[in-house]
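Visitor: I'm new to this one, so could you walk me through it slowly?
Guide: Gladly, and here it is.

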Amino acid sequence: MVEVKDLRVKVRGRVVLQDVSLTLEEGRIYALLGENGSGKTTLLRALTSYYHDYEGSIRFCGKELRAMKRKEKERVHAILPQILPLSYASVSSLLSIYPGGLSHLENAGLISLKERRLNTLSGGEREMVHLALLLSHDALLYALDEVEASLGMRYKRKSEEAMLALKEERRIVLSSFHDINRAFAIADEFIVLSEGRLVFKGGKDAFLKEDTAGRYFGLHPSVLVDESGKERLLFI
C-alpha cells in the first residue's frame, strides 16, 4: 500500500502540488487525469523519489520514502517518464543490465529490435523498449507518465496488456492519460488533479455520478453502438 498525506511540492520556487492525500492499493490500476500543468508528472516524480524536499508524507507499506535507502527505493517503485532520453546505446546492452526485459520485449513482438540502437528506433518502439525494461523491475508501484502518447494502436494494446498483467501480480499501476476513453476502459479508479490539487479519487460509478469528465474536461458520456451491436460508453 502507498499512503500519501498532505503532500506539497515546490518546483523552482512555485507550488505545483498542494494538500494531496490519497491511498493506492495493490492489484489496482489508477488512471491519473488532469489538464496540462495540473501536477500529474510532479506527482509521479514525487512518488518515485525525484523530489526529496517535499512536505507531507509518502509511505510505502508504512515506511516513509525519504527514510529509505537507494536499494529499498528500487524495490518499491519504478517509473517510465514522459520524455525518454535519446541514447546511442543498443537495446541488447540495456538488456544485459536488465535481462528480465527480454521476455517482455518478446511478449510485445519486438525481439527484432534487440540489435538496434535506441536512437534508430521510432518514438513508439523506444517507448516499448523502455516499458519492457521497466517491467523487469520487481517493484510495488509502477508509475507511467503518458505511456500511450506516442504509441500506435497495436502498441497501445500491448501496453494495456502489460498494465493488466501487473494488476494480476498484485502490483500498483499509476498511469497518467490524456485520453479519458482509454483510461476508462482499463482503470479501476481515477485520480484527477486540477491546479495542483486533488479534486477527485474514486471508481467508475462515482466518476460518472459526479460528472467528473464534464466538470474538469468538458466531456460527457454517450452510449454508442458498434458494428457488432454492442453498446460502448464514450466521452465526447
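What follows is a chat about the core, one helix, the salt bridges and the strands.

Visitor: What kind of model is this, and how are residues numbered?
Guide: This is a predicted model, in which local features need pLDDT of at least 70 and side-chain atom pairs count only at pLDDT 80 or more, while totals for chains, interfaces and linings use all residues. Residues are numbered from 1 along each chain as its sequence is written, and side-chain values use heavy atoms, with hydrogens and water left out.

Visitor: Ok, which residues touch the most other members in the largest nonpolar core?
Guide: That core has 44 residues, and those touching the most other members are Leu33, Val129, Leu131, Leu144, Met163, Phe190 and Phe207. A nonpolar core here is a set of buried Ala, Val, Leu, Ile, Met, Phe, Trp, Tyr and Cys residues joined through side-chain atoms within 4.5 Å. Buried means under 20% relative accessible area, exposed means over 50%, and partly exposed is in between, with a 1.4 Å probe and protein chains only.

Visitor: And which helix gives the most to this core?
Guide: Helix α5, residues 123-135, gives the most, with seven residues. Helices (H or I, at least four residues) and strands (E, at least two) are DSSP runs, numbered from the N terminus.

Visitor: Is there another core apart from it, and what is in it?
Guide: Another core, of 30 residues, lies apart from the largest one, and among its residues are Tyr51, Phe60, Leu65 and Leu174. In soluble globular proteins, nonpolar side chains tend to be buried together.

Visitor: Back to α5 for a second: is Leu134 buried or exposed?
Guide: Leu134, which is found in helix α5, counts as buried because its relative accessibility is 5%.

Visitor: What does Leu134 touch?
Guide: Not counting residues up to four places away in sequence, Leu134 touches Ala78, Ile79, Leu80, Tyr142 and Leu144, where contact means heavy atoms within 4.5 Å.

Visitor: What about Phe190, which residues is it in contact with?
Guide: Leaving aside neighbours within four places in sequence, the contacts of Phe190 include Ala31, Leu33, Phe184, Phe200 and Phe207.

Visitor: New topic: how many residues are in helix α6, and how far does it reach?
Guide: Helix α6 (residues 153-168) has 16 residues and reaches 23 Å from its first C-alpha to its last, close to the 22 Å expected at 1.5 Å a residue. The expected span is 1.5 Å times one less than the number of residues.

Visitor: Which residues of α6 are buried?
Guide: Tyr155, Lys156, Ser159, Glu160, Ala162, Met163 and Leu166 are buried in α6. Seen down the axis of α6, its buried residues fall within an arc of 150°, so they line one face of the helix; the arc is that of the directions from the helix axis to the C-beta atoms.

Visitor: What do they pack against?
Guide: The buried residues of α6 pack against β3 (28-33), α5, β7 (141-145), β8 (172-176) and α7 (180-186).

Visitor: Switching to charges, how many salt bridges are there?
Guide: The count comes to 12 salt bridges, taking a salt bridge as a side-chain nitrogen of Lys or Arg within 4 Å of a carboxyl oxygen of Asp or Glu.

Visitor: Which partners does Glu74 have?
Guide: Arg70 forms a salt bridge with Glu74, the closest N and O atoms being 2.8 Å apart, and Lys71 also forms one with Glu74, at 3.9 Å. Arg70 and Glu74 are four residues apart in helix α2 (residues 70-76), so about one helical turn separates them. Arg70 is exposed, with a relative accessible area of 57%, whereas Glu74 is partly exposed at 36%.

Visitor: Which residues are linked in a network of salt bridges?
Guide: Arg28, Glu189 and Lys201 are linked in such a network.

Visitor: Last thing, what is the strand order in the open sheet?
Guide: The four strands have the order β2-β1-β4-β5, with antiparallel pairing, where two strands pair if DSSP finds at least two bridges between them. β2 (14-24) and β5 (63-64) stand at the edges, each with a single partner strand, so one side of each is left without a neighbour in the sheet. Strand β1 (residues 2-11) pairs with β2 over seven bridges.
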